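Visitor: I'd like a close look at one part of this model, and then a walk outward from there. Could you take me through it slowly?

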Amino acid sequence: MTNTVDDAQYFAFSRFLAQRLGITLGNNKQYLVNSRLSQTMREFDITDINVFIQAAMSGQNPRLTDRALESMTTNETFWFRDEYPYQILSSTLLPNLAKQVKKLRIWSSACSYGQEPYSIAMTVHEFLRKQSGAFAEGVEIIASDISQRVLNVAKEGKYDELAISRGLPIEMQNRYFEPTTCNRLAVNNKLKSLVTFRQANLMDSFYSFGKFDLIFCRNVLIYFSNDDKAKILQKLTALLPPHGALILGAAESISGAEDVLKMEKCTRGLYYSKR
Ligand SMILES: C[S@@+](CC[C@H](N)C(=O)[O-])C[C@H]1O[C@@H](n2cnc3c(N)ncnc32)[C@H](O)[C@@H]1O
């Protein structure tokens, strides 16, 4: 049993990861590869991490390659993360969009376990409670991620006490969740029906997704190289109509895409629009 990646395999796997997912590991993250792949290789009865990496890079078993890649993603997420994007959504973006579009399309482009798209859906629903005639032709929220594992959890929409305790206000729990087995709460159908989940890699082309009035791309570009980040921002901007908005993570910027995007400051927080 070898649980320690050797240097040559580490650098080869880092390049593979950057090419396939955009994620850059840097020079000294051998420990991360060791710990994350050691768990996944057990699923395939492989005991040597260097053999496992070789198999993942060969692509001969696509499931093994996918599992190796997705085990290197960081899926940290919680409800109404950073609060300000959702405040901007209800105080500025949704009221403005309600005057301009009849059908609202939103993309949560790295949705992890679903907390982000469901938080968006709750915010939209709360807005519609006050302004029931808005978006008369419907609301569509597309939620995507590279990892099928997190998408399966998101689609199921059932969360344990720990996940629920991370940022979900009690009145939202009461309005949009119902008790289910194993002390979990399940997203109700009112919310679920607004969200469609699909697998998508931000490194690929996604023009076929169509235009979106709002794009959330939060806490994922921090893992990418400046070059890949700039390319993705350019591709996302191409999907925004003139009235559209892009919402990034609190630690993320539009560096490399200032020619196509501009910052819009709100009382609390900010978003980006197309130049
Ligand atoms: C830290 S989570 C952020 C989740 C959520 N946006 C939030 O802010 O709470 C980052 C997510 O990005 C996904 N991801 C990583 N690389 C990706 C790629 N190339 N394409 C699409 N999703 C990716 C990961 O699987 C992970 O679920």
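Visitor: Which residue in β5 is the bridge partner of Glu-178?

Guide: Before anything else, keep in mind that this is a predicted model. The residue you're after is Ala-186: in β5, that's the one bridged to Glu-178. The bridge belongs to the pairing of β4 with strand β5, residues 185–187, which runs in the antiparallel sense over three bridges.

Zoom out a little and you'll see that these two strands sit in an open sheet of three, ordered β3-β5-β4, with antiparallel pairing. The edges are β3 (158–159) and β4 (177–179), each of which pairs on one side only. So Glu-178 lies on an edge strand, while β5, with Ala-186, has its place between β3 and β4 in the order. If you're tracing side chains here, remember that in a regular strand they alternate between the two faces of the sheet.

There's another antiparallel pair further along the chain. Strand β9 (residues 261–265) and strand β10 (residues 270–274) are joined over five bridges. One of the matches to look for is Met-263 with its bridge partner Tyr-272 in β10. The two strands make a hairpin, with four residues between them, and in the turn Gly-269 has a positive phi of about 90°.

Now swing over to the helices. Helix α1 (residues 7–21) and helix α3 (residues 49–58) have axes that come within 10 Å and cross at roughly 30°. That angle is under 35 degrees, so α1 and α3 count as roughly parallel to each other. Their crossing is left-handed.

Last stop, the ligand. It is surrounded by 23 residues, and the closest are Thr-73, Thr-77, Ala-110, Ser-112 and Asn-219. Sorted by class, the shell around the ligand comes out as eight nonpolar, 10 polar and five charged residues. Domain 1 (7–70) and domain 2 (84–274) each supply at least three residues to that shell.

Terms used:
Residues are numbered from 1 along each chain as its sequence is written. This is a predicted model: local features need pLDDT of at least 70, side-chain atom pairs count only at pLDDT 80 or more; totals for chains, interfaces and linings use all residues. A residue is near a molecule or strand if its C-beta atom, placed from the backbone, lies within 6 Å of it. Ala, Val, Leu, Ile, Met, Phe, Trp, Tyr, Cys and Pro count as nonpolar, Asp, Glu, Lys and Arg as charged, and the others, Gly among them, as polar. Domain bounds come from an automatic or database domain assignment. Two strands pair if DSSP finds at least two bridges between them. Axes are lines fitted to C-alpha atoms, for helices over the stretch in contact, and angles run from 0 to 180 degrees between N-to-C directions. Angles under 35 degrees count as roughly parallel, over 145 as roughly antiparallel, 65 to 115 as roughly perpendicular and the rest as oblique. A crossing is left-handed if the near helix is turned anticlockwise from the far one by less than a right angle, and right-handed if clockwise.
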